[in-house]
Amino acid sequence: MRDIDQIIQSVMGLCPAVKVRQLTVLHPSADDDGLWFFEWPGSKFEVQIESSEGMCPFLVETDENDARVTAESVDETGEILSKLLHLGPLVPDR
């Protein structure tokens with residue numbers, strides 16, 4: 001399983017309302033489709049993560065500001081996504 005698959009699985013497990021889509025390219029064998037977009041209805045901001053092979057590290061950006069962060073692990077990428085999507089504290093239901 002690629003790191004991106006683990007990240008998507010983790011984020012969706014914590015918040016199933018998050019929408020994830022991968023960049024659709026015109027020429028799959030020539031164009032780099034290693035860009036994924038994350039959106040959550042509770043946030044007006046979109047977060048994108050980039051890695052040509054879908055493996056760490058990921059370049060993480062948001063349309064909220066001009067910051068660019070490199071996430072070195074699956075867990076770090078998930079934490080950054082949660083923060084940038086403004087998911088809030090992820091406390092399990094009791």
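**Entry 1: burial, starting with E2**

I count a residue as buried when its relative accessible area is under 20%. With that cut-off in hand, I looked at strand E2, residues 35-39, in this predicted model. Four of its five residues are buried, so by this cut-off E2 is mostly covered.

**Entry 2: who pairs with E2**

Next I asked which strands are joined to E2 by bridges. Strand E1, residues 19-22, runs antiparallel to E2, and four bridges join the two. I looked up one partner here: Lys19 is matched with Glu39 in E2. Strand E3, residues 47-50, is also antiparallel to E2, again with four bridges. In that pairing I found Leu35 opposite Glu50 of E3.

**Entry 3: helix H1**

I then turned to H1, a helix of twelve residues spanning 3-14. From first C-alpha to last I get 17 Å, close to the 16 Å expected at 1.5 Å a residue. Which residues of H1 are buried? My list reads Asp3, Ile4, Ile7 and Val11. Looking down the helix axis, I see these buried residues fall within an arc of 95°, so they line one face of H1. On the face turned away from that buried side, I noted the exposed residues Gln9 and Gly13.

What do the buried residues of H1 pack against? I found E2 and E3 again, together with strand E4 (58-62) and helix H2 (74-84).

**Entry 4: the largest nonpolar core**

I went on to the largest nonpolar core, which has 19 residues. The members that touch the most others are Ile7, Val18, Phe38, Ile49 and Val60. Ile7 is a familiar name from the buried list of H1. I checked which elements give two or more residues to this core, and they are H1, E2, E3, E4 and H2. The largest share, four residues, comes from H2.

I picked Val60 for a closer look and left aside its neighbours within four places in sequence. Its contacts include Val47, Gln48 and Ile49. Further along the chain, I also have Ala67, Arg68, Val69 and Ala71 in contact with Val60, as well as Ile80 and Leu84.

**Entry 5: how far to trust the coordinates**

Last, I looked at confidence. The chain averages a pLDDT of 88, and 86% of the residues score at least 70. Residues 90-94 are below 50, and I find two contacts for this stretch beyond near neighbours in sequence. A reminder to myself: where pLDDT is low, the predicted coordinates should not be read in detail.

Terms used: Residues are numbered from 1 along each chain as its sequence is written. This is a predicted model: local features need pLDDT of at least 70, side-chain atom pairs count only at pLDDT 80 or more; totals for chains, interfaces and linings use all residues. Side-chain values use heavy atoms; hydrogens and water are left out. Buried means under 20% relative accessible area, exposed over 50%, partly exposed in between (1.4 Å probe, protein chains only). Two strands pair if DSSP finds at least two bridges between them. The expected span of a helix is 1.5 Å times one less than its number of residues. The arc is that of the directions from the helix axis to the C-beta atoms. Contact means heavy atoms within 4.5 Å. A nonpolar core is a set of buried Ala, Val, Leu, Ile, Met, Phe, Trp, Tyr and Cys residues joined through side-chain atoms within 4.5 Å. pLDDT is the predictor's confidence in each residue, from 0 to 100.
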